[in-house]
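Visitor: Could you walk me through this model and the ligand it holds? I would like to go step by step.

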Amino acid sequence: MSERDDHEVIVVEALARVAAVTTTEELRELGTELLGRRSPLARAKAGLSSLEAGDRRAAGMALNAARQRIEQALDARSQELVAAERASRIAAERLDLSEVVPNRRRGHLHLVTQARDRLEDTFVAMGYTVAEGPEAESDWYNFEALNFPAGHPAREMYDTFYLEWGSPESTLLRTHTSPVQIRVMERSEPPIYSVMPGRCYRLDTPDASHLPVFHQIEGLVVDRGITFGSLAGTLDAFTEAYFGPGFRSRLRPSYFPFTEPSAEFDITCVFCKGEGCRTCGRTGWLELGGCGMVHPNVFAAVGYDPEVWSGFAFGFGIDRLVMMRHGIDDIRELITNDVRFLEQF
Ligand code: DAH
């Protein structure tokens, strides 16, 4: 066999082994075996010295050519294996971020929370901001600053939970969201267009229409040139936006110490759409809340000049609104946590 044939055998064997290797680690070892000091090629190279000078050159070139073919095969295989190993590492590290759908049914926000969110959205769409205040209040915010001086008979409208904090009857659980009006005016300058939802407390025995803990949403607008017409128009726009086309509001004279004039506002009966039914006492209207023009004494309490600014306020019960909307006849359903009730909304 000629030397060239020898080389061919070495190369063919080497290429077959290179092709059979499956990891970069093995390939590195094989590379040493095929090209290193103890490789057949190295041995053949050592044999060159025994050749005649003329033959040595040709044999040397043939050996180099054989070595290059093996090196190229090792390189090419190395690239394939590196790519394959990288692909399998990525596959192994892959995180499945797709949503797992649990096989139990999901819960949802409570009906009152849903109503509160929708009320906020409706007013935000009308350009209002949303503000909050504390549930434990001082007598000053809950009554005094709202023009209920100590001993004022209108305080009797509220059965108040007092807290044992400070001097007797100085700290209480707010009986309405109106104290947040004072806090908003204290911390900002007019113009103000704000709604203030939240939890309120009154010392009531639970029955079908009363709970000692309930929810209200308060509204306050203070700007130049605000009139009773602005109040009536706003409540009407709100009623239509919240309840839908065909729902209107109306105002009836009333009394609150912090507004003058004051009114109750009614909306088209949600059950008979104004036709007159048992729920609305055949009037076609349901009472929703109270409202009026901000009293000058309230502006005085927060240091606003009533000659420059005028405003209106309104407030109504979120739980009552929810009951009207869904025809719920017992407010206690809202806190009993019976899933058969809750699941319906
Ligand atoms: N705070 C009153 C209540 O709970 C409701 C109310 C009436 C709020 C008139 C107002 C208003 O802002 O102007 O009985």
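Visitor: Which strands each supply at least two residues of the shell around the ligand?
Guide: This is a predicted model, in which local features need pLDDT of at least 70 and side-chain atom pairs count only at pLDDT 80 or more, while totals for chains, interfaces and linings use all residues. Residues are numbered from 1 along each chain as its sequence is written, and side-chain values use heavy atoms, leaving out hydrogens and water. Strands here are DSSP runs of E with at least two residues, and helices are runs of H or I with at least four, numbered from the N terminus. The strands you are after are S5 (213–223), S8 (285–294) and S9 (310–317).

Visitor: How many residues surround the ligand?
Guide: A residue counts if one of its heavy atoms lies within 4 Å of the ligand. His176, Ser178, Arg202, Gln216 and Glu218 are the closest. The total is 16.

Visitor: Which polar side-chain atom lies 2.9 Å from a nitrogen atom of the ligand?
Guide: A polar contact here is a pair of N or O atoms within 3.5 Å; within protein, one must be able to donate a hydrogen and the other to accept it, and residues adjacent in sequence count only if both atoms are side-chain atoms. Tyr158 has a polar side-chain atom 3.3 Å from a ligand oxygen, and a polar backbone atom of Phe314 is 3.2 Å from an oxygen of the ligand. The 2.9 Å contact to nitrogen belongs to a side-chain atom of Ser178.

Visitor: What share of the ligand's accessible area does the protein cover?
Guide: Areas come from the Shrake-Rupley method with a 1.4 Å probe, and for residues only the protein chains shown count as cover. On its own, the ligand has 360 Å² of accessible area. The protein covers 93%.

Visitor: Where does the cis peptide bond from Pro190 to Pro191 fall?
Guide: Most peptide bonds are trans. Here, omega is near 0°. Pro191 sits in the loop between helix H7 (179–187) and strand S4 (192–201).

Visitor: Which strand holds Pro261?
Guide: Glu260 and Pro261 are joined by a cis peptide bond, with omega about -5°. Pro261 lies in strand S7 (residues 259–268).
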